[in-house]
Amino acid sequence: MAQQARPKDIRIICGLGNPGPEYASTRHNAGFATVDALAERHGARYWKSEAGCMVARVRMRAPEGTREVILAKPQDFMNTSGGPLSKLLRQEKATPQEVLVIHDEVDRPAGAVDVKFGGGLNAHNGLRSIANKLGTRDFARLRFGIGRPPGKMQVADYVLRTLKGNYLQEFELEAQDAASLAERVVERGVQAAANG
């Protein structure tokens, strides 16, 4: 059996979502919302289009002091987001083990955030696309819990429904929690952040 790769220091934080204003306030854009929160916290001046992603470069606290971290939002739709991310990795000469992917997770309660390295893809099209394009599942994920749809609502309708009012406020607060966890991953490493 192939040896599982070990996580490395995170150089790229990739939030998953769908581009376009109609998706901006949806649960499926949990990754974009978290990366936007990080950009704001770390004073990203502007976003630039690189390798099919919107990219901002920031400095974050790390064991060695500070480190440049690339914040990325692939501009393909969720189920093809692996293409732009793999191009960005090639451009930056980064390995999959240096990436933290932030994605929505229906099997976690709303607002629950955690980190894991490698493992299954849980029928998440964004993760599947990334694993296919990178040729490995050995990358770190920050799972942003959005809970299950109520009643008989389809998952697709639930994750793509525009959030308003209290729902949107809650979601934005949850994105701040996810951003804090992403900072801990950069500062302390994947395993330490995963272990709390």
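Let us begin with charge: the protein carries 28 positive and 22 negative side chains, and the centres of these two sets lie 4 Å apart. Please keep in mind as you look around that this is a predicted model.

Now step back to take in the whole chain. The C-alpha atoms fill a box of roughly 45 × 45 × 35 Å along the principal axes. The radius of gyration is 15 Å, which agrees with the value near 16 Å that a compact globule of 196 residues would have. Of those 196 residues, 49% count as buried. The accessible surface comes to about 9,600 Å², and 47% of that surface belongs to carbon and sulfur atoms. Contacts also reach across the sequence: among those between residues at least 6 apart, 70% join residues at least 24 apart.

What is this chain built from? The secondary structure comes to six helices and seven strands. If you follow the sequence from its start, these elements come in the pattern β-α-β-β-β-α-β-β-α-β-α-α-α.

A good place to enter the fold is strand β4, which covers residues 65-74. Is this strand enclosed or open? Seven of its ten residues are buried, so β4 is largely enclosed by the rest of the structure. Two strands that pair with β4 can be traced here. Strand β3, residues 53-62, runs antiparallel to β4 and pairs with it over ten bridges. These two strands form a hairpin, with two residues between them. You can find one of the bridges by looking for Ala 62, whose partner in β4 is Gly 65. Strand β1, residues 12-15, pairs with β4 in the parallel sense, over three bridges. Here Cys 14 has Ala 72 of β4 as its bridge partner. As you look along the strands, one general point may help: in a regular strand the side chains alternate between the two faces of the sheet.

From β1, move along the chain into the loop that leads to helix α1, residues 30-41, and you will meet Tyr 23. Which residues does Tyr 23 touch, beyond those up to four places away in sequence? They are Asn 18, Asn 29, Phe 77 and Leu 160. Tyr 23 also shows how the fold brings remote parts of the chain together: Thr 162 is 139 residues away in sequence, yet the two C-alpha atoms are 7.1 Å apart in space.

Next comes helix α2, residues 82-92, where you will find Gly 82. This glycine has a relative accessible area of 0%, so Gly 82 counts as buried. Leaving aside neighbours within four places in sequence, Gly 82 is in contact with Ser 129, Ile 130 and Lys 133. Asn 132 is 50 residues from Gly 82 in sequence, with 7.3 Å between their C-alpha atoms.

Those contacts point us to helix α3, residues 125-134. Which residues of α3 are buried? They are Gly 126, Leu 127, Ser 129, Ile 130, Ala 131 and Leu 134. Two of these, Ser 129 and Ile 130, are the ones we just met as contacts of Gly 82. The buried residues of α3 pack against helix α2, strand β5 (99-105) and strand β7 (140-145). Our walk ends just past this helix, at Gly 135, which follows α3 and has a positive phi near 75°.

Methods
Residues are numbered from 1 along each chain as its sequence is written. This is a predicted model: local features need pLDDT of at least 70, side-chain atom pairs count only at pLDDT 80 or more; totals for chains, interfaces and linings use all residues. Side-chain values use heavy atoms; hydrogens and water are left out. Buried means under 20% relative accessible area, exposed over 50%, partly exposed in between (1.4 Å probe, protein chains only). Helices (H or I, at least four residues) and strands (E, at least two) are DSSP runs, numbered from the N terminus. Two strands pair if DSSP finds at least two bridges between them. The radius of gyration is taken over C-alpha atoms; the globule rule is 2.2 Å times the number of residues to the power 0.38. Contact means heavy atoms within 4.5 Å. Accessible areas come from the Shrake-Rupley method with a 1.4 Å probe; for residues, only the protein chains shown count as cover. Lys and Arg count as positive and Asp and Glu as negative; His and the chain ends are not counted. The place of a charge is taken as NZ of Lys, CZ of Arg, CG of Asp or CD of Glu.
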